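Please follow this walk through a structure with the sequence and the coordinates side by side. The path leads from single charged pairs to the contact between chains.

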Amino acid sequence: MKLELGYIPIRDIQFGPKSKVDNNTLYVNKKELSALLLEDEGIASVELDLARPGESVRITPVKDVIEPRVKVSGTGGIFPGWCAKVRTVGTGRTHVLKGAAVITTGKVVGFQEGIIDMSGEGAKYTPFSKLNSLVLIIQPKEGMLQHAYEKALRLAGLKTAEYLGKLAEHLEPEEVRTFETLSVTDGIKMYPELPRVGYVLMLQSQGLLHDTYVYGVDAKQTLPTLIGPTELMDGAIVSGNCVSACDKNTTYHHLNNPVVEDLFSEHGKTLNFVGLMITNENVYLADKERSSDRTAELCAYLGLDGVIISQEGFGNPDTDLIMNCKKIEAKGIKTVIITDEYAGQDGASQSLADADAAADAVVTGGNANMVIHLPAMDRVIGSIDQVDHIAGGWSGSLKEDGTITAELQVITGATNELGYNTLSAR
Amino acid sequence: MIITNNPLVRSTYENAHVILFVEGNYREVLVKARDLVHGRHQLITHPLMGSLKPNETPYRSVVVSDAVLDKTDADSVLIIEEAILVFDRFIKTARTDRGEGSTEKMKEDFREIDLSLLSSALSE
């Protein structure tokens, strides 16, 4: 499976009479896009706004972040199961509006969380402060239930990313990168001396506001399976996860999974990147046993020497993480786990809700309880009144002057467990 | 058997499952579940389900087996004891505005999320 990603750099975003990409600027026709989104009967109103790196802008509550992409050749279309038919993606050519993003906001619940600051202290902690973003503020029709609102927001975000992505279909990319996964036998023949490494990607799948979709299917109803790493780059995995802003994997993260990219860049040099497995994080303990058993069997079947396991979320998923780690290690395969920490504001407490001696190689995305101070911003996109109630905030977090004192977990992507952030520990 | 302090879970499932309703907080639900686990009931759902941290929601529901096992299930004991330790660690940073002190609208959302997470397990 071979995919070429063609990057079209976006350095500015503007509203304009015609949606297009011109001279590295993304122009958006407000009217046309709003009309497209209002086709969803559940949506009462759509407001579009822009946020650029360095501006004094705070976006909250952030639901999802999505990168605009388009399939230029190869089977299927971007976001299969949602915007395109369910055909296997991950081959041919895909164009990426690099440096652009669609950000969805909306108060699905009264304590809806997630802050992106485009400048100041907060901007350092989120990779999304560096993107030229189109923000969707979407209000549901009255009486719409939380799960229906979540779905409407999710679809609006995907549709917008698809709409913007299409603008790049016939453009000449500035850079093209090729990613290829060999068959298991070809890999053995080509790199007989290199260690065989796999990646287990854990997906949040606990229920309302905690879901992830694979080719349109709810991940909690799936068994662990092998999936081509390039399939992720075409949007085979979509986030429906709205809780735990700092360590949820947005759709942007799935499209740009850094573990996948790093494994590809080391492939054929220091290791043989054999394959990617996805697994879930369910509430039911029997599901955890079943999924972790299956994951370990897959790793053994592939004859792996080492496995990287990344987690999403905290608490319940810690049990899945440790089960995966223990069972894969029990097959004689070395593991490295990637997680983040809730170690208290002083960083002194135990970081995870579960532990095992087999988990002796751990990479952290940072301590979500660390207290940070955010300056006031000139402009807020979305709504700010929920800040006192969000995870990691507290009554009085939001000061009258617009400054915020809260835990790092308020910031979208700050302690991401794929490592798509700047924090870690030694 | 569902151990819960969430009235919405009680009203949804009282005709379909055995409900042990706890007139108390999140921790008291965990402690009740622990007592039952030590009484040889098996833990069915993870006590820390959901990404809402233990100090950031007033409601909790945990499912244990109706049947009593021949001996105590060691995995269940480890998981429920660990969950109580995690709760005690988080509650040091108490969030009354997301607990008993949260607005009625927020409590409604907390009840709905707790119910929905539980339903996703019970529907299997």
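A residue counts as buried when its relative accessible area is under 20%, and as partly exposed when that area lies between this limit and 50%. In this predicted model, Arg95(B) falls in the buried class because its relative accessible area is 4%, and Glu56(B), at 2%, is buried as well. The side chains of Arg95(B) and Glu56(B) meet in a salt bridge with an N to O distance of 2.6 Å. Arg95(B) sits in the loop between α3 and α4 of chain B and Glu56(B) in the loop between β3 and β4 of that chain, so the salt bridge ties together parts 39 residues apart in sequence.

Chain A offers further pairs. Asp293(A) and Lys327(A) form a salt bridge whose closest N and O atoms are 2.8 Å apart, and this pair links helix α7 with helix α8 of chain A across 34 residues. Asp293(A) is partly exposed, at 38%, whereas Lys327(A) is buried, at 18%. Within helix α2 of chain A, Lys166(A) and Glu162(A) lie four residues apart, about one turn of the helix, and their side chains meet in a salt bridge at 3.8 Å, N to O.

Although the whole structure holds 29 salt bridges over all chains, the rule finds zero across the interface of chain A and chain B; it does find 18 residue pairs in polar contact there, both residues at pLDDT 80 or more. Helices α7 and α8 of chain A each supply at least two residues of the side that touches chain B, and the largest share, four residues, comes from α7(A). That side of chain A divides into 15 nonpolar, 20 polar and seven charged residues.

Terms used
Residues are numbered from 1 along each chain as its sequence is written. Chains are lettered from A and ligands numbered from 1 in the order in which they are written. This is a predicted model: local features need pLDDT of at least 70, side-chain atom pairs count only at pLDDT 80 or more; totals for chains, interfaces and linings use all residues. Side-chain values use heavy atoms; hydrogens and water are left out. A salt bridge is a side-chain nitrogen of Lys or Arg within 4 Å of a carboxyl oxygen of Asp or Glu. A polar contact is a pair of N or O atoms within 3.5 Å; within protein, one must be able to donate a hydrogen and the other to accept it, and residues adjacent in sequence count only if both atoms are side-chain atoms. Ala, Val, Leu, Ile, Met, Phe, Trp, Tyr, Cys and Pro count as nonpolar, Asp, Glu, Lys and Arg as charged, and the others, Gly among them, as polar. Buried means under 20% relative accessible area, exposed over 50%, partly exposed in between (1.4 Å probe, protein chains only).
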